[in-house]
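Colleague: I'd like to learn how to read a model like this one, feature by feature. Could you walk me through it?

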Amino acid sequence: MKITMKDGSIRDVGFEEELGKNAFRHTTAHILAQAVKRLYPNTKCAIGPSISDGFYYDFDFDFHFSEENFAEIEAEMKKIVKENLLLKHFTTSRQKALQAMEEQKEPYKMELLNELPENEEISFFRQGEYLEMCAGPHVTYTSAIKAFKLLSIAGAYWRGDEKNKMLTRIYGTSFPNKDMLEAYSNRLEEAKKRDHRKLGKELGIFALSNEGPGFPFFLPKGLVLKNLLIDYWRKLHAREGYVEIATPMMLDRHLWETSGHWEHYRENMYTTVIDETDFAIKPMNCPGGMLVYKMEPHSYRELPMRIGELGLVHRHEKSGTLHGLMRVRCFTQDDAHIFMTPEQIPEEIKGVVRLIDEVYTNFGFKYHVELSTKPENSIGTAQDWEMATDGLKTALDSLGLPYAVNEGDGAFYGPKIDFHLEDSIGRTWQCGTIQLDFQLPQRFDAEYIGEDGNKHRPIMIHRVVFGSIERFIGILIEHFAGKFPLWLSPVQIKILPISDKYIGYAKEVETALKKEGLRCEVDGRAEKIGYKIRAAQLEKIPYMLVIGEKEETTSSVSVRKRDGADLGRMPIAQLLASLQSLKITP
């Protein structure tokens, strides 16, 4: 596939390469915009980048646009592809660029141009009659775009600012051939079936309410699931030498000024006034953890100190970004902060990586790793940042763990390692993170007495494994399509008497199973057994025990699995032995 670069040069790049994929989908966004302008000439174009799995373009329509318009737009896009238009790159002065955009009546493009220096050379691509202010790269001819599909629309404020006009964002995707597009479309359909918002409601896990947008309600089965994850987290961390603390949910402004959050994170924080003093509900646990560390003096002999906290944090997210459990305004962060000497950095990071790997492996996730470096709004010296970044690189290299470098995407106080999970249908989710921080210990004047008898500054690791427990639950719902493994299922066994005559024996079976720590329920409704089996399957219950006259007479149960497999009749003791062999907990 040939693509045209910003300097006008032509390169051969494969679609499987990131550069090729971005150029391919960015070009499709241009074809979309050209089709829209041909069909609806009064439409104003904003921006249209490539994104993960596709592209989008923001438009300002002068009529009510809906997905019903997709068919005619896609038909026009196919014409543009068939025309085999050359995407020709050129540059021009800002003044001429402004003139061209004024002639085409593109105010959004003009706004962007007006913010550039007067002597700036502006990069353009032209395809047929369509002119786009863009740095590229793009495929050389429109005929390269063999398969594409418009997917959905959404509202999007111009430049992400709620004070600006709401534009219409059209999402789409494209591939070099129809087979790849069909496979992607099938994956989207599968994702819809697994949507955690739909399954979460059907399975009684969580609910969302207009009275608390972004603040999820956990229902009884959902709280069982959440507590199972927390119990698992606590068991692992006790084994790894962590202690657990709990810090206040609200602390005064001075703390957040010291930590740097008031300056760098203020717009995402909820605040209030108490006794004429500004307070903030914590968006992160780390400043409270720093206060705990400083409550008593420490020696190098105590380091590393591994301190965990399951802290409920609150962050102000824009209403348009809220999405089930995936993007909420309050969540439980499975935080931990490790205080250590500089010499302990590599081993502590390796220990955290191994812990995260163990957890993700237990859930059946693949993952890849990114190292994010110094952002523009960073605090601290260049020397500190270099030392912190080198520490993370050294640990990853010594583990032989491949990673990509994500330039400029670190936290404002330090570089970080991010873990991106891949679920059962190939989607990726950013969950675990390890952040190395030289800044907070300095800002809080944290110390330890070294072997030399002098005061030294500890180094701090911030890390999460689940990230947000709420979000991790959403990911698990979609990963397993609601069919949780036995140890994680809120209800592991449903006991199904075939009539009221056998409810007494069903209760005896329930008591025996609960004594062994199994979570089970009796379905005592006056319904036919086929109906009860089907209902239990819809609830994704791992095991169903059918009970009738033969089972009661022989002190046994007839065992069925949620996938329809009939395991036959067996004594309760045999069932318990079978379940124990399946490793009820990880």
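Modeller: Gladly, and please keep in mind that this is a predicted model. Let's start with a helix pair: helix 7 and helix 14 cross in a right-handed sense.

Colleague: At what angle do helix 7 and helix 14 pack, and how far apart are their axes?

Modeller: Helix 7 (residues 220-239) meets helix 14 (residues 469-480) at about 110°, and the axes are 11 Å apart. An angle of 65 to 115 degrees counts as roughly perpendicular, and so that is the label for helix 7 and helix 14.

Colleague: Which residues make that contact?

Modeller: From helix 7 come Leu225, Lys226, Leu229 and Ile230, while helix 14 supplies Ile469, Glu470, Phe472, Ile473 and Leu476. Sorted by class, the contact of helix 7 with helix 14 holds seven nonpolar and two charged residues, with no polar ones.

Colleague: Is there a general idea for reading such lists of helix residues?

Modeller: In an α-helix there are 3.6 residues a turn, so residues three or four places apart point the same way. Keep that spacing in mind for another pair, helix 3 (residues 94-103) and helix 4 (residues 107-114), which pack at about 165° with axes 9 Å apart.

Colleague: Are helix 3 and helix 4 roughly parallel or antiparallel?

Modeller: Roughly antiparallel, because the angle falls in the class over 145 degrees. Helix 3 passes helix 4 in a left-handed crossing. On the helix 3 side, the contact uses Arg94, Ala97, Leu98, Met101 and Glu102, and on the helix 4 side Lys109, Met110, Leu113 and Asn114. By class, that makes five nonpolar, one polar and three charged residues in the contact of helix 3 with helix 4.

Colleague: Let's turn to the interior. How many residues does the largest nonpolar core have, and which of them have the most contacts inside it?

Modeller: That core has 57 residues, and Tyr360, Phe363, Leu436 and Phe472 have the most contacts inside it. Helix 11 (residues 345-362) gives the largest share, eight residues.

Colleague: Phe472 has come up again. What is Phe472 in contact with, beyond its neighbours within four places in sequence?

Modeller: Its partners are Leu229, Tyr360, Phe363, Phe365, Leu421, Cys431 and Phe466. Leu229 and Phe472 also take part in the contact of helix 7 with helix 14. There is a second, separate core too, with 35 residues, Val36, Phe65, Ile73 and Phe175 among them.

Colleague: And which residues are buried in helix 10?

Modeller: A residue is called buried when its relative accessible area is under 20%. In helix 10 (residues 286-293), six of the eight residues are buried, so the helix is mostly covered. The six are Cys286, Pro287, Gly288, Gly289, Met290 and Tyr293. Over the whole chain, buried residues make up 51% of 586 residues.

Colleague: What about the opposite case? Is Asp7 buried or exposed?

Modeller: Asp7 is exposed, at 62% relative accessibility. Asp7 sits in the loop between strand 1 (2-4) and strand 2 (10-12).

Colleague: Now the backbone. Where are the cis peptide bonds, and what is omega there?

Modeller: One joins Gly136 and Pro137, with omega about 0°; Pro137 lies in the loop between strand 8 (130-133) and strand 9 (138-139). Another joins Leu303 and Pro304, with omega about 5°. Pro304 is in the loop between helix 10 and strand 18 (305-314).

Colleague: Which phi values should I look at?

Modeller: Try positive ones in residues other than glycine, such as Glu276, where phi is near 65°. Glu276 lies in the loop between strand 16 (271-274) and strand 17 (277-281), and with a relative accessible area of 80% it is exposed. Ser555 is also a residue other than glycine with positive phi, near 50°. Ser555 belongs to the loop between helix 17 (549-553) and strand 30 (556-561), and at 45% relative accessibility Ser555 is partly exposed.

Colleague: To finish, how many helices and strands does the chain have?

Modeller: The chain has 18 helices and 31 strands. Its C-alpha atoms fill a box of roughly 90 × 75 × 50 Å along the principal axes. Of the contacts between residues at least 6 apart in sequence, 70% join residues at least 24 apart.

How values were computed: Residues numbered from 1 in each chain as written. Predicted model: local features only at pLDDT ≥ 70, side-chain atom pairs only at ≥ 80, totals over all residues. Heavy atoms only, no water. Axes fitted to C-alpha atoms, helices over the stretch in contact; angles between N-to-C directions. Helix = DSSP H or I, 4+ residues; strand = E, 2+ residues; numbered from the N terminus. Parallel < 35°, antiparallel > 145°, perpendicular 65-115°, else oblique. Left-handed = near helix turned anticlockwise from the far one by under 90°. Contact = heavy atoms within 4.5 Å. Nonpolar A, V, L, I, M, F, W, Y, C, P; charged D, E, K, R; others polar. Buried < 20%, exposed > 50% of the residue type's maximum accessible area, 1.4 Å probe, protein only. Core = buried A, V, L, I, M, F, W, Y, C linked by side-chain atoms within 4.5 Å.
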